[in-house]
Amino acid sequence: MNLQSNDFELFGLTKQFAQDRAALDARWKDLQREAHPDKFAAQGAAAQRVAMQWSVRINEAYQRLKDPLKRAAYLCELGGAPINAHSNTAMPPAFLMQQMEWRESVEDAHGVHALEQLRKQVDAVQTDLMQQCAALLDGAHDYSGAVHPVRALLFIEKFTLDLDHAFEKFD
Amino acid sequence: MALLQISEPGQTPNPHERRIAVGIDLGTTHSLVASVRNGVAECLPDAQGRVILPSVVRYLAGGGREIGYPAQLALASDPENTIASAKRFMGRSLADVQGMDKLPYRFADHAGMLGIQTVQGEKSPVEVSADILATLRYRAEDTFNADLYGAVITVPAYFDDAQRQATKDAAKLAGLNVLRLINEPTAAAIAYGLDNASEGVYAIYDLGGGTFDISILRLTQGVFEVVATGGDSALGGDDYDHALVDWVVAQTGVQVSHASDKAALKVAARACKEALSATNTIAFHADLTGATVHFDVECAQFEAATAHLTARTITAARRALRDARLSVQDVQGVVMVGGSTRMPQVQAAVAAFFGQAPLNNLNPDEVVALGASIQANQLSGNNVAGDLLLLDVIPLSLGVETMGGLVERIVPRNQTIPTAMAQDFTTYKDGQTALALHVVQGERDLVADCRSLARFELRGIPPMVAGAARIRVTFTVDADGLLNVSAHEQVSGVQTQINVKPSYGLGDDQIAQMLKDSFSTAEQDMRARALVEARVDADRLLLATQSALNADGDLLQASERAEIDAAMAVLKVAISSDDAAYLDAQCKVLANATEAFAAQRMNRGIATALSGKNINAI
């Protein structure tokens, strides 16, 4: 166990997509109880520095493990199939068409009800893609195959943020 | 007393030297100091038995100053030299402060933080806050007849990096050892959570004199997790006063010309507001230079004149819940903090929005200081058995300016801290050796709408073709929410030079100058003070090292152990020397000698935390 261990090793979890959120949270708190700088507040600069490094590392791993999409992307990367979200944005035309339709629906929405309908639709697509991820990662161990649904989910995540903003208009 | 205290071995590093640690609520309108005595958190009163210290400092023409109640009395008569609500100006420039025209001060604009002209020259809000903190420090030291080990100071959850840094600077000026800055709502949760041992999702509604915070916290197994924070760092009881002044001025048509008139109206408004918490009608009375205002105000009228302010707090509460992905039904309790929550219309609005009566069984003025003192007691190592872990989030996103004045977010808000995030940058010209970075904080997409934190210039990049360099910039946010930036070029491995030009705050030289000027040191010999502090630090380090050796000494090779023992022996002798610089140097030697040991201890701790818990691996 050291600062270079991967997130799963650090948290003592099996390297797989399926994770129990409650167990993950409990583990995170156990680790922070051990490593948080507050525990070393009275112990001098050297101990503080080490605590800071570990505490940061534990939080980094936790952010990645608790979010199913980040976790899936991380598994692809560990499996030798990095997502490269920034440099590689090519998506199938059908998917892009759907994205454009959704964005138009947001602009045309006249009330919270229309936005809620849209959110239901988006949630269903998201759930379906997430299940594809789980099957590819944990069942088939097909990491390069999982790259496609992960990237689609990244697009959708960005869209749901914009959808949240749209709700604020009607506050 | 010490003779009667029986401590289990290992309970405190040194049972006869219980460390005095306090919690300080540095508030906009008033401040308090609290400490845990005999296991009970309580606010410390002044010689007259008052726990509240009005956050008001008056600078006198003949030198010297009045702090607290005497200064508050002069708000109307000497408004220009009597600084109230200095917290609103912490880490702010003139352009940031709303409602400037209603304030009686003569402001001086500076790029980083504004200043206020007084008879004693220009004062920074940091100096004003330091005067308040030093007063509370002396109160605590008089109470215990001992030096303070350290303090936990609270800040609004919404405070950005500049405001947090300014608060730390003020503590430094006041000669306080800051154990931690914590968010005010979190401190309130500590006070309530431990007293009532209640678990679940809570909303902390904190309407103070100058700030409004709403925090959504989850309390489980003694762990306080901040799920989301929101609010408005420029909305509070002062705004209710101003709104009432505006309403009365509009109703009566009275002319306000002098600075003293503004202050007199404000004092009258505050008295009127406080009275309306208990009665239905009260006279608004103020004597101005040209006229007398005497006007009956009814509860319902006050409520109507301030309804837009109450509505803003509810909108922020709704937004925080959405950030936390929770609904009103998920909230099991609402904790009321801050004197302004005594207003009946606020209690009613909160009850209506959350669909339940808010919790208010602790004094809303004292809650924050009490919680901070519990945390201070823990951090000073007095309560080794306690298991209070405080996990906090960064309140506002951090990002950098990209092309076209847009913000690229690097650390998103509500991320648990401490945290570190890295971002790679590259060069856009052949042979480029420097890169300018502009760090901002805020949620908006345009740089112009965010707060500028710092401008960095990365120098010494080895000349390469455009786009070949990979400069990794790492943003580290510590447990106090303060930002540090480092950078290095990945391809060549060259550590790039960073020239930090903070857009806010005070330089080290400015702080040193203020330290010289400040009354917290003027009455003492600077050198004697430095020596005392160096001795305290050395003592602290020796105690910590000894307890680490007792616990995990078996991890060390004989040669490593010998090196640490030798450094400790030298330091023990050095403590009796009168040379602060030598003492500091020996502390550094010991700290360096224990660096690897600290890392090994952490590895063991983490391994212990995980042992027998690999549920998935079975």
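## A covered strand in chain B

Let's start with strand E20 of chain B, residues 398–402, which is mostly covered, with four of its five residues buried. Please keep in mind that this is a predicted model.

E20(B) has two strand partners to look at. With strand E21 of chain B (residues 406–411), E20(B) pairs in the antiparallel sense through five bridges. In this pairing, B:Thr402 is placed opposite B:Leu406 of E21(B). The two strands make a hairpin, and three residues lie between them. If you look into that turn, you will find B:Gly404, which has a positive phi of about 80°. With strand E24 of chain B (residues 435–441), E20(B) is joined by three bridges, again in an antiparallel run. Here B:Leu398 faces B:Gln441 of E24(B).

## A three-stranded sheet in chain B

Elsewhere in the sequence of chain B, you can trace an open sheet of three strands in the order E8-E9-E10, with antiparallel pairing. Its edges are strand E8 (106–108) and strand E10 (121–123) of chain B, each of which pairs on one side only. From one strand to the next, the twist averages 40°.

Take a look at the pairing of E8(B) with strand E9 of chain B, residues 115–118: the two run antiparallel and are joined by three bridges. Within this pairing, B:Phe107 has B:Ile116 of E9(B) as its bridge partner.

## Chain A, a helical chain

Now to chain A, whose secondary structure consists of seven helices and zero strands. Along the sequence, the pattern reads α-α-α-α-α-α-α. The radius of gyration of chain A is 20 Å, whereas the globule rule gives 16 Å for 171 residues; the value for the chain is well over that, so chain A is more spread out than a compact globule. Along the principal axes, the C-alpha atoms of chain A fill a box of roughly 60 × 45 × 30 Å.

The domain assignment of chain A gives two stretches to keep in view: domain 1 (7–66) and domain 2 (93–168). Taken over C-alpha atoms, the centres of domain 1 of chain A and domain 2 of chain A are separated by 31 Å. Of the 171 residues in chain A, 32% are buried. Among the contacts in chain A with a separation of 6 or more, 64% are between residues 24 or more positions apart.

## Where the two chains meet

How many residues does the contact take from chain A and from chain B? Chain A gives 33 residues and chain B gives 41 residues. On the side of chain A that touches chain B, helix H2 (21–35) and helix H3 (44–66) of chain A each supply at least two residues. The largest share of that side comes from H3(A), with 13 residues. Sorted by class, the side of chain A that touches chain B holds 16 nonpolar, 10 polar and seven charged residues.

## Two residues of chain B to visit

For a closer look at single positions, try B:Glu563, which lies in helix H14 of chain B, residues 558–574. Is B:Glu563 buried, exposed or partly exposed? B:Glu563 is partly exposed, because 19 other C-beta atoms lie within 10 Å, while a buried residue needs 20 or more. B:Leu590 makes a handy companion: B:Glu563 and B:Leu590 are 27 residues apart in sequence, and their C-alpha atoms are 8.8 Å apart in space.

The second position is B:Arg50, located in the loop between strand E3 (40–43) and strand E4 (53–54) of chain B. B:Arg50 counts as exposed because 12 other C-beta atoms lie within 10 Å, and the class takes in residues with 12 or fewer. You can compare B:Arg50 with B:Tyr69, which is 19 residues away in sequence and 10.0 Å away in space, C-alpha to C-alpha.

Terms used. Residues are numbered from 1 along each chain as its sequence is written. Chains are lettered from A and ligands numbered from 1 in the order in which they are written. This is a predicted model: local features need pLDDT of at least 70, side-chain atom pairs count only at pLDDT 80 or more; totals for chains, interfaces and linings use all residues. Domain bounds come from an automatic or database domain assignment. Two strands pair if DSSP finds at least two bridges between them. Axes are lines fitted to C-alpha atoms, for helices over the stretch in contact, and angles run from 0 to 180 degrees between N-to-C directions. Two residues are in contact if their C-beta atoms, placed from the backbone, lie within 7 Å. Ala, Val, Leu, Ile, Met, Phe, Trp, Tyr, Cys and Pro count as nonpolar, Asp, Glu, Lys and Arg as charged, and the others, Gly among them, as polar. The radius of gyration is taken over C-alpha atoms; the globule rule is 2.2 Å times the number of residues to the power 0.38.
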